Amino acid sequence: MAAQKRRVISTQETTSGGSSTQLSALGSAPGTLTDELAALFECPVCFEIVLPPIMQCQVGHLVCASCRPKLSCCPTCRGTLGNIRNLAMEKVANNLMFPCKHKATGCRMSLGLNEKAEHEEVCEFRPYSCPCPGASCSWQGQLDKVMVHLQHSHKNITTLNGEDIVFLATEINLAGAVDWVMMQSCFGHHFMLVLEKQEKSDGHTQFFAIVQLIGSRKQAERFAYRLELNGNRRRLIWEAMPRSSHEGVASAIMGSDCLVFDNSIAQHFADNGNLGINVTISLVC
């Protein structure tokens with residue numbers, strides 16, 4: 001069965017007179033962000049937690065630094081909105097643990113300011129992008145909805161069952177950048193197999209083959225995959241841990257952390273312009 005193939009087209013700082021009123025809302029336990037205090041740190045524009053640098057209007061209403069450049073007046077009182085920082089609230093923020101912004105989707109982590117942004121970039125509960133290579137699909141959603149999306153919006157991707165399958169990429173001699181995609185189902189999980197063809201400006205052609213688990217990084221650590229090109233008394237093998245949906249395959253391909261071979265190697269294993277890659281998924285003890 002043929003895999004799907006798709007072309008890739010290609011300041012002023014002051015303290016506020018209103019700060020003492022705001023500080024009175026501190027929770028009873030040091031470092032605890034109570035619901036009452038959390039409401040004081042909510043930006044009235046984007047509804048995200050306001051983090052330093054914390055900007056305010058002349059009477060003390062807060063707004064986050066990201067929204068401030070878009071505003072001409074205070075969104076709460078319509079008063080003048082200068083470049084005033086609320087240093088008292090910044091000191092409070094530096095001593096609090098804030099919930100991850102993905103709390104609503106299941107993350108239970110609370111972190112200090114220094115760790116919050118870094119954690120949210122890699123949080124397992126952040127929205128996942130469509131794992132299909134290329135930039136044509138802009139879908140984002142939770143991890144448990146990824147397969148639903150693929151089955152609904154990418155119905156032409158072939159799925160094969162079993163730990164050992166053959167990933168068949170047809171017409172590998174097509175000009176330009178091309179992706180071949182196939183799904184493999186085993187061990188109660190789904191794996192996306194990707195073969196990407198890139199043509200460099202100097203005319204050099206390279207192929208990148210990789211496996212991605214539709215799952216979290218912790219789940220991916222339980223598996224290993226093996227890619228093998230075999231034919232004409234030649235063999236080329238790559239073994240690695242699959243990438244997770246969280247990581248995607250783009251960075252691995254960019255860093256050549258996958259099976260990489262050029263067009264001359266591909267022709268040694270191709271049969272009438274079609275390339276079969278043996279794929280084996282195994283559990284790691």
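**Close-up views of a predicted model**

**View 1. Strand S19 and its antiparallel partners.** In this predicted model, strand S11 (residues 164-169) and strand S19 (residues 275-283) run antiparallel and are joined by 6 bridges. Strand S15 (residues 223-231) also runs antiparallel to S19, again with 6 bridges between them. A handy place to start looking is Thr280 in S19. Asp164 stands opposite Thr280, and Thr280 is also the bridge partner of Arg226. If you centre your display on Thr280, you can look for Asp164 and for Arg226 in turn.

**View 2. A cis peptide bond between two prolines.** Here we turn to the backbone at Pro52 and Pro53, where the peptide bond from Pro52 to Pro53 is cis, with omega near 0°. Most peptide bonds are trans. To find the spot, follow the chain into the loop between helix H2 (35-40) and strand S3 (55-56), where Pro53 is found.

**View 3. Arg78, with a positive phi.** Most residues other than glycine have a negative phi. Arg78 is not a glycine, yet has a positive phi of about 65°. You will meet Arg78 in the loop between strand S4 (62-63) and strand S5 (84-86). Is Arg78 buried or exposed? The cut-off for exposed is over 50% relative accessible area, so Arg78, at 60% relative accessibility, counts as exposed.

**View 4. Asn232, just along from strand S15.** Asn232 is found in the loop between S15 and strand S16 (234-240). Asn232 has a positive phi of about 55°, although it is not a glycine. Asn232 counts as exposed because its relative accessibility is 53%, and the cut-off is over 50%. S15 itself is the strand joined to S19 by 6 bridges in View 1.

**View 5. The second largest pocket and its lining.** About 400 Å³ of space lies in the second largest pocket. Its lining is made up of 23 residues, of which Cys130, Pro131, Gly248, Val249 and Ala250 are the closest to the centre. Strand S8 (128-129), strand S13 (189-199) and helix H7 (250-254) are the elements that give two or more residues to this lining. Which element gives the most to the lining? That is H7, with 3 residues. As for the chemistry of the lining of the second largest pocket, 13 residues are nonpolar, 7 are polar and 3 are charged.

Definitions and conventions
Residues numbered from 1 in each chain as written. Predicted model: local features only at pLDDT ≥ 70, side-chain atom pairs only at ≥ 80, totals over all residues. Heavy atoms only, no water. Pairing = 2+ DSSP bridges. Helix = DSSP H or I, 4+ residues; strand = E, 2+ residues; numbered from the N terminus. Buried < 20%, exposed > 50% of the residue type's maximum accessible area, 1.4 Å probe, protein only. 1 Å grid on protein atoms, 1.4 Å probe; cavity = no way out; pocket = protein on both sides within 12 Å on 5 of 7 lines; lining within 4 Å. Points joined across faces, edges and corners; volume = space filled by probe spheres on them. Nonpolar A, V, L, I, M, F, W, Y, C, P; charged D, E, K, R; others polar.
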